[in-house]
Amino acid sequence: MSDVDLADLEAFAAVARARSFRSVARLRGVSASSLSEALRRLEARLGVRLLNRTTRSVTPTEAGQRLLERLGPALSEVAAALDAVNGFRDSPTGTLRLNVPTAVARLVLPRLIGPFLDAHPGITLEVATDDSFVDVLAAGFDAGIRYDERLEKDMIAVPIGPRTQRFAVAGAPAYFAAHGRPSHPRDILNHACIRHRFASGIMHPWEFERDGEVVKITPTARVVANSIDLEIAAALQGLGLIATFAGFLESEFASGALEPVLEDWQQPFSGPFLYYPSRRHMPAPLRAFVDFVKRRPAPEIASAGVSG
């Protein structure tokens, strides 16, 4: 067994946990064919089939499940043993892999990555943007960034970025001139709207709150997209109202190209958290990033996020 490649074992473990070649390939930034080749190579060397693969599903065989159960702790120990050497360096080296939502990638991380990498020139930062809820460890990431209601169990959570954020509903001046302004959230039902569809297919309702009154509406969509840039462009052209985190619209608000409405219905909510597993041996690049985040003061309020 000495000729078994550690990278092939890691690829098998990731695919077996996620039960998908495509999702692991997408999250790791590699091709599904390269993962499939790693599995074929590993199965050939072991002389046993590890995964049952069809066009619709990937499931471990009995042998594959047994290997996965024993392999997880072993791979963690190998990684910890190799990373222990980093503790003897003046500055740690290695790759830090993060899985983050679109909003964090656009509005939180840009302020952090420059100072962090300047302080740690031996670290490479790899970021995958994903608005779905994924098992970051199974997908090969060191940590994830999510909002508190979406944190996984058995994880340590550290606040990162602004601690308070806000949504905004906005439209172009020309749109308001032609259609008027909503004075209550329910008025939005009479307006054309620009809505965001997530990769899961979900379009969240628009939610408002004021003086204890909570209003949720499902507006009529004139434009539906999964690109905030396209959604903002549609709003700028006067095609309807957009609802998104205000951080995406700061420049449009400053120029007057878009104008907010129903501001007194937009309540602040908690900002994102960096989360990672509570394990004894933390990879040196992750430890450096956690320490950096803890030392860095966060702005009291900001408006970052994704559209609904």
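Trainee: How many bridges join strand E8 to E13?
Mentor: Strands here are DSSP runs (E, at least two residues) and helices likewise (H or I, at least four), all numbered from the N terminus. Two strands pair if DSSP finds at least two bridges between them. E8 (residues 167-171) and E13 run antiparallel, and the number of bridges joining them is four.

Trainee: Before we go on, what kind of model is this?
Mentor: Residues are numbered from 1 along each chain as its sequence is written, and side-chain values use heavy atoms, with hydrogens and water left out. Local features need pLDDT of at least 70, side-chain atom pairs count only at pLDDT 80 or more, and totals for chains, interfaces and linings use all residues, since the model is predicted.

Trainee: Back to E13: which residue in E13 stands opposite Phe167?
Mentor: E13 covers residues 241-245, and E8 covers residues 167-171. Across that antiparallel pairing, the residue opposite Phe167 is Phe245.

Trainee: In what sense do E9 and E13 pair?
Mentor: E9 takes in residues 193-196, and two bridges link E9 to E13. One bridge puts Cys193 with Leu241 of E13. The sense of this pairing is parallel.

Trainee: How many of the five residues of E13 are buried?
Mentor: Buried means under 20% relative accessible area, exposed over 50%, and partly exposed in between (1.4 Å probe, protein chains only). E13 is largely enclosed by the rest of the structure, because its count of buried residues is five of the five.

Trainee: Which residues of E16 point the other way from Pro272, Leu274 and Tyr276?
Mentor: In a regular strand the side chains alternate between the two faces of the sheet. E16 (residues 272-277) is largely enclosed, because six of its six residues are buried. With Pro272, Leu274 and Tyr276 on one side, the residues on the other are Phe273, Tyr275 and Pro277.

Trainee: How many bridges pair strand E6 with E16?
Mentor: E16 also has E5 (residues 143-147) as an antiparallel partner over four bridges, with Ile145 bridged to Leu274. E6 (residues 155-159) contributes a bridge between Ala157 and Tyr275 of E16. That pairing is antiparallel too, and its number of bridges is five.

Trainee: Asn99 caught my eye. With which side chain does the Asn99 side chain make a polar contact?
Mentor: Asn99 is in strand E3 (residues 94-100) and counts as buried because its relative accessibility is 0%. A polar contact is a pair of N or O atoms within 3.5 Å; within protein, one must be able to donate a hydrogen and the other to accept it, and residues adjacent in sequence count only if both atoms are side-chain atoms. Leaving aside neighbours within four places in sequence, Asn99 is in contact (heavy atoms within 4.5 Å) with residues including Leu27, Asp130 and Phe141. At 2.6 Å, the polar partner is the side chain of Arg146.

Trainee: Are the rings of Phe289 and Phe292 stacked or edge-to-face?
Mentor: Rings of Phe, Tyr and Trp (its six-membered ring) pair if their centres lie within 6.5 Å; planes under 30 degrees apart count as stacked, over 60 as edge-to-face and the rest as tilted. By this rule there are nine aromatic pairs. With centres 6.5 Å apart and planes at 20°, the Phe289 and Phe292 pair is therefore stacked.

Trainee: Which helix holds Phe289 and Phe292?
Mentor: Both residues are buried. They sit three residues apart, about one turn of the helix, within residues 284-295, and that helix is H10.

Trainee: Over which ring does the charged end of Arg181 sit?
Mentor: A charge sits over a ring if NZ of Lys or CZ of Arg is within 6 Å of the ring centre and within 35 degrees of the ring normal. Arg163 offers one case, over the face of Phe273 at 4.9 Å from the ring centre. For Arg181 the distance to the centre is 4.4 Å, and the ring is that of Phe176.

Trainee: Is Asp211 buried or exposed?
Mentor: Asp211 lies in the loop between strand E10 (206-210) and strand E11 (213-217). Its phi is near 50°, a positive value in a residue other than glycine. Because its relative accessibility is 76%, Asp211 counts as exposed.
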